[in-house]
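Hi everyone, thanks for making time this morning. I'd like to walk you through one structure, so please have a look at it while I talk.

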Amino acid sequence: MSDSIHGHQVMELMLSLGRAVSKGELTQLMSQTFGENARYHTCSASEMDAQELIVFLEQKGKFTESEAGIETAADRICHH
């Protein structure tokens with residue numbers, strides 16, 4: 001698998017869970033799924049580690065936060 005993973009893939013991973021997760025759990029899932037040394041990019045940023053991507057997506061409003069953790073919705077994934 002490529003070392004550069006698009007943020008959409010992380011959001012799709014979250015959708016596949018069907019529930020909210022903590023940021024720590026998401027970081028662990030990203031490591032298990034994409035590799036410990038994976039780098040992440042989006043349509044407007046690159047060369048991020050898992051923590052940086054989570055912060056970036058959070059700042060872009062891609063997550064909904066609750067007491068249960070964070071989650072995303074399919075309509076939050078851009079299609080361009």
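**A walk through the model**

Let me start inside: F34 is buried, and Y40 is buried as well. Before we go on, please keep in mind that this is a predicted model.

Let's stay with those two residues for a moment. In general, a pair of aromatic rings is described by the distance of the centres and the angle of the planes. How many aromatic pairs does the count give here? The answer is one aromatic pair. The ring centres of F34 and Y40 are 6.2 Å apart and the planes stand at 80°, so this pair is edge-to-face. For that label, the planes have to be over 60 degrees apart.

Next, the helix α1, which covers residues 7-17. Which of its residues are buried? They are G7, H8, V10, M11, L13 and M14. As a reminder, an α-helix has 3.6 residues a turn, so residues three or four places apart point the same way. And what covers the buried residues of α1? The cover includes β1 (4-6), α2, β2, α3 and β4. After α1 comes G18, and its phi is positive, near 70°.

Now for the charged side chains. Side chains of opposite charge can pair when their charged atoms come close. The count comes to three salt bridges in this model, and I'll take them one by one.

One of them joins the side chains of R19 and E25, at 2.7 Å from N to O. R19 is partly exposed, with a relative accessible area of 41%. Its partner E25 is partly exposed too, at 25%.

Another salt bridge is made by the side chains of E58 and K23, with an N to O distance of 2.7 Å. This pair links distant parts of the chain: E58 sits in helix α3, K23 sits in helix α2 (residues 23-34), and their positions lie 35 residues apart in the numbering. E58 has 29% relative accessibility, so E58 counts as partly exposed. K23 has 32%, so K23 falls in the partly exposed class as well.

The remaining one brings together the side chains of E47 and R39, at 3.7 Å from N to O. The cut-off for a salt bridge is 4 Å. R39 is partly exposed, with a relative accessible area of 29%.

E47 deserves a second look, if you like backbone angles. Most residues other than glycine have a negative phi. What does E47 do? E47 has a positive phi of about 55°, although E47 is not a glycine. Where does E47 lie? You'll find E47 in the loop between β2 (39-41) and α3 (50-59). Is E47 buried or exposed? With 56% relative accessibility, E47 counts as exposed, because the exposed class begins over 50%.

My last stop is A74, in the segment after β4 (69-71). At 48% relative accessibility, A74 counts as partly exposed. Leaving aside residues up to four places away in sequence, A74 touches L15 and H79. There is also a distance to G7 you may want to check on screen: the C-alpha atoms of A74 and G7 are separated by 13 Å, while along the chain these two residues are 67 residues apart.

That's my tour, and I'm happy to go back to any of these spots with you.

How values were computed:
Residues are numbered from 1 along each chain as its sequence is written. Side-chain values use heavy atoms; hydrogens and water are left out. Rings of Phe, Tyr and Trp (its six-membered ring) pair if their centres lie within 6.5 Å; planes under 30 degrees apart count as stacked, over 60 as edge-to-face and the rest as tilted. Buried means under 20% relative accessible area, exposed over 50%, partly exposed in between (1.4 Å probe, protein chains only). Helices (H or I, at least four residues) and strands (E, at least two) are DSSP runs, numbered from the N terminus. Contact means heavy atoms within 4.5 Å.
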